[in-house]
Amino acid sequence: MISVLIVDDSRTSRSILKDILERAGYKIAGEAINGKEAVEMYAKLLPDIVTMDITMPEMDGIEALRQIRQGYPDARIVMITAAGQKEKMLEAVKLGATEFVSKPFMEESVIDALEHCKKEMK
Ligand SMILES: [Mg+2]
């Protein structure tokens, strides 16, 4: 089973993602509520895929992406974006984000992004 770490400061977003992913047969490795927690939990859980919100308190998703990819260059990270985040998206591309999904979530886009990550796995 492919494991996913969900990172988002919004409880509602985490819960929607969790439902979509579980229905599609993914295992939820854990949930982090900010970038700092994400970096710590990534090292502990070594999930196959991460879904990473961008705007979060303490440490945002861009910095967490940077730190995770620094330690784990093969990490597959799907960035969760909202309207008006084009610059952040470009930064995320440079830092090695695997895929992007925009809020509000559409089930099909989420699954497509995760399927793409699966193909990148060795
Ligand atoms: Mg957020």
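## Helix packing and sheet architecture in a predicted model

Helix α2 (residues 35-45) and helix α3 (residues 61-71) pack against each other with their axes 8 Å apart and at an angle of about 20°. Because angles under 35 degrees count as roughly parallel, α2 and α3 are described as roughly parallel to each other, and their crossing is right-handed. On the side of α2 the contact is made by G35, A38, V39, Y42 and A43, while α3 contributes G61, E63, A64, Q67, I68 and G71. These features, like those that follow, belong to a predicted model.

The strands come next. Five of them form an open sheet in the order β2-β1-β3-β4-β5, with parallel pairing. The edge strands of this sheet are β2 and β5, each of which pairs on one side only, and the twist from one strand to the next averages 20°.

At one edge, strand β1 (residues 3-7) and strand β2 (residues 27-32) run parallel and are joined by five bridges, with S3 standing opposite K27 in β2. Helix α1 (residues 11-23) belongs to this part of the chain, since β1, α1 and β2 make a right-handed β-α-β unit. At the other edge, four bridges join strand β4 (residues 76-81) to strand β5 (residues 99-102), and these strands also run parallel. In that pairing V78 stands opposite E99, and the bridge partner of M79 in β5 is F100. Between β4 and β5 the chain passes through helix α4 (residues 86-94), in a β-α-β crossover that is right-handed. Helix α5 lies across β3, β4 and β5, and runs at about 170° to β5.

Strand β3 (residues 49-53) contains I49, a residue for which the surroundings can be described in some detail. Is I49 buried or exposed? With 25 other C-beta atoms within 10 Å, I49 is buried, because the cut-off for a buried residue is 20 or more. Residues up to four places away in sequence being left out of the count, I49 touches I2, V4, R76, V78, L114 and C117. The C-alpha atoms of I49 and A75 are separated by 7.1 Å, although these residues are 26 residues apart along the chain.

The loops hold some backbone features that call for separate comment. Most residues other than glycine have a negative phi, and most peptide bonds are trans. Against that background, the table sets out two residues with positive phi.

| Residue | Phi | Loop | C-beta neighbours within 10 Å |
|---|---|---|---|
| L46 | about 40° | between α2 and β3 | 12 |
| E58 | near 70° | between β3 and α3 | 12 |

Neither entry is a glycine: L46 has its positive phi although it is not one, and E58 likewise shows a positive value in a residue other than glycine. As for their surroundings, L46 counts as exposed with 12 C-beta neighbours inside 10 Å, and E58 is exposed with 12 other C-beta atoms within 10 Å; both assignments follow because a residue with 12 or fewer such atoms is classed as exposed.

Which peptide bond is cis? The bond from K103 to P104 is cis, with omega near -5°, and P104 has its place in the loop between β5 and α5 (107-120).

Note on methods. Residues are numbered from 1 along each chain as its sequence is written. This is a predicted model: local features need pLDDT of at least 70, side-chain atom pairs count only at pLDDT 80 or more; totals for chains, interfaces and linings use all residues. Two strands pair if DSSP finds at least two bridges between them. Helices (H or I, at least four residues) and strands (E, at least two) are DSSP runs, numbered from the N terminus. A crossover is right-handed if, with the strands pointing away from the viewer, the path from the first strand over the helix to the second runs clockwise. Two residues are in contact if their C-beta atoms, placed from the backbone, lie within 7 Å. Axes are lines fitted to C-alpha atoms, for helices over the stretch in contact, and angles run from 0 to 180 degrees between N-to-C directions. Angles under 35 degrees count as roughly parallel, over 145 as roughly antiparallel, 65 to 115 as roughly perpendicular and the rest as oblique. A crossing is left-handed if the near helix is turned anticlockwise from the far one by less than a right angle, and right-handed if clockwise.
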